[in-house]
Structure formats: C-alpha cells, structure tokens
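Trainee: Please take a close look at one part of this structure, the patch of charge on its surface. I am new to it, so place that part within the whole chain.

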Amino acid sequence: MMPGDLFFLLPSPELDRLPLLVATVLGTGLLEPLRAGLALAVSFPLILAANRAGPRWARALGLAGLVMLGWWAAESWGSATGTSDDRRIVIDEVAGALAMALAAPRLRAIPLGGLALAFLALDRLKPWPFSAFENLSGGIGVMADDLAVGLAIGVAATALDRMMRLRG
C-alpha cells in the first residue's frame, strides 16, 4: 500500500488532503490499532530534537507552530465530519509528546522513549484534571488535553531529576 492509497479512508469527501495529512500525522492515525503509538514512533526524531537540540525558546516556538497547525487541522476535520475529537486525529499526541520533551530535562533516547510510553498511558487513561480539558470545544479541545498531559509528565521528570541530583 502506498501512502496515497490511504485517501480512500477519508472520513469525509469535504476534508482536504492537507488537513488530513496533518491531523493523522501522514496517515498514521488511519492505521489501527496503534494510531497514537505509531504517530509517536514516526515523530520520535522530532521529539528527541525537541528535548535536546537548540535553544529552548526556538524549540518552544516550534511547538507553538505545531500546536497552531494541529488546531487548524482538527478544526478542519471537525467541520468536514461533524466529529471534533476523532480518534484518527493523532497530531495532538505528537504535540503533547513534544511538550513533554521540551519540559523534561535533557535525556538520551531510551529514557525519553520511556517518558513517551508513560505519556501514551496517561493520555489513554485521561484522569482528572486532564479529562476536563476535553470539554473545550473544537480544535483547541483536541489539542489541550494532550498538551496538559505532556507538560505534566515533563515537569514531573524535571522535578524527579532535580531531586535525584540534590540527593547526590
């Protein structure tokens, strides 16, 4: 199957290809059952770069751009299909994992991969207060809960890292 062959899975004929590619992270959200995990696997080099490369302000600016792009794609999806938070939208998971990587201390690939798995688990469970973000409407609601989960895991990892350094 070629990537172009995935367009037969369009959720609505009104949904253009660009928002579909963005929302589904190049079609990974259309592939069951590992939608979010596959999207993070495909995006892991970007997640690793968000954790390690360049000044933090530039990485934060990149995350902001991705959040805006994801918001637009989720809004487009919702307008075309009538379903605002479809499980096939996985750009929110990638943005949440990038937020996690940005908030976490600088890590090597394997520990960062462990945090990504923790992110997927917590995102799947959606305990309070993260579930409250799902009440926001439209594309911002799609993106907000995953950003909150990612930031919480990144901040927790940073706090744990600092406590470990203090203990010596």
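Mentor: Six helices and zero strands make up the secondary structure of the protein chain in this predicted model. Read from the N terminus, the order of elements is α-α-α-α-α-α. The C-alpha trace spans about 60 × 35 × 30 Å along its principal axes. For 168 residues, a compact globule would have a radius of gyration near 15 Å, and the 16 Å of the protein chain agrees with that. Of the 168 residues, 44% are buried.

Now to the patch. On the surface, a patch of positive charge is formed by Arg52, Arg56, Arg106, Arg108 and Arg162. One of these, Arg108, can be placed along the chain: Arg108 sits in the loop between α4 (91-103) and α5 (109-125). Is Arg108 buried or exposed? Arg108 has a relative accessible area of 68%, and because the cut-off for exposed is over 50%, Arg108 counts as exposed.

The helix that follows this loop, α5 (109-125), holds Ala118. Ala118 has a relative accessibility of 35%. That value lies between the limits of 20% for buried and 50% for exposed, so Ala118 is classed as partly exposed. Ala118 also has a partner from elsewhere in the chain to consider: Gly150 is 32 residues away along the chain, and the C-alpha atoms of Ala118 and Gly150 are separated by 9.5 Å.

Definitions and conventions:
Residues numbered from 1 in each chain as written. Predicted model: local features only at pLDDT ≥ 70, side-chain atom pairs only at ≥ 80, totals over all residues. Heavy atoms only, no water. Patch = residues over 30% accessible without salt bridge, like charges linked within 9 Å, V, L, I, M, F, W, Y side chains within 5 Å. Areas by Shrake-Rupley, 256 points an atom, 1.4 Å probe, with all protein chains shown as cover. Salt bridge = Lys/Arg side-chain N within 4 Å of Asp/Glu carboxyl O. Lys, Arg positive; Asp, Glu negative; His and termini not counted. Charge placed at Lys NZ, Arg CZ, Asp CG, Glu CD. Helix = DSSP H or I, 4+ residues; strand = E, 2+ residues; numbered from the N terminus. Buried < 20%, exposed > 50% of the residue type's maximum accessible area, 1.4 Å probe, protein only. Rg over C-alpha atoms; globule rule 2.2 N^0.38 Å.
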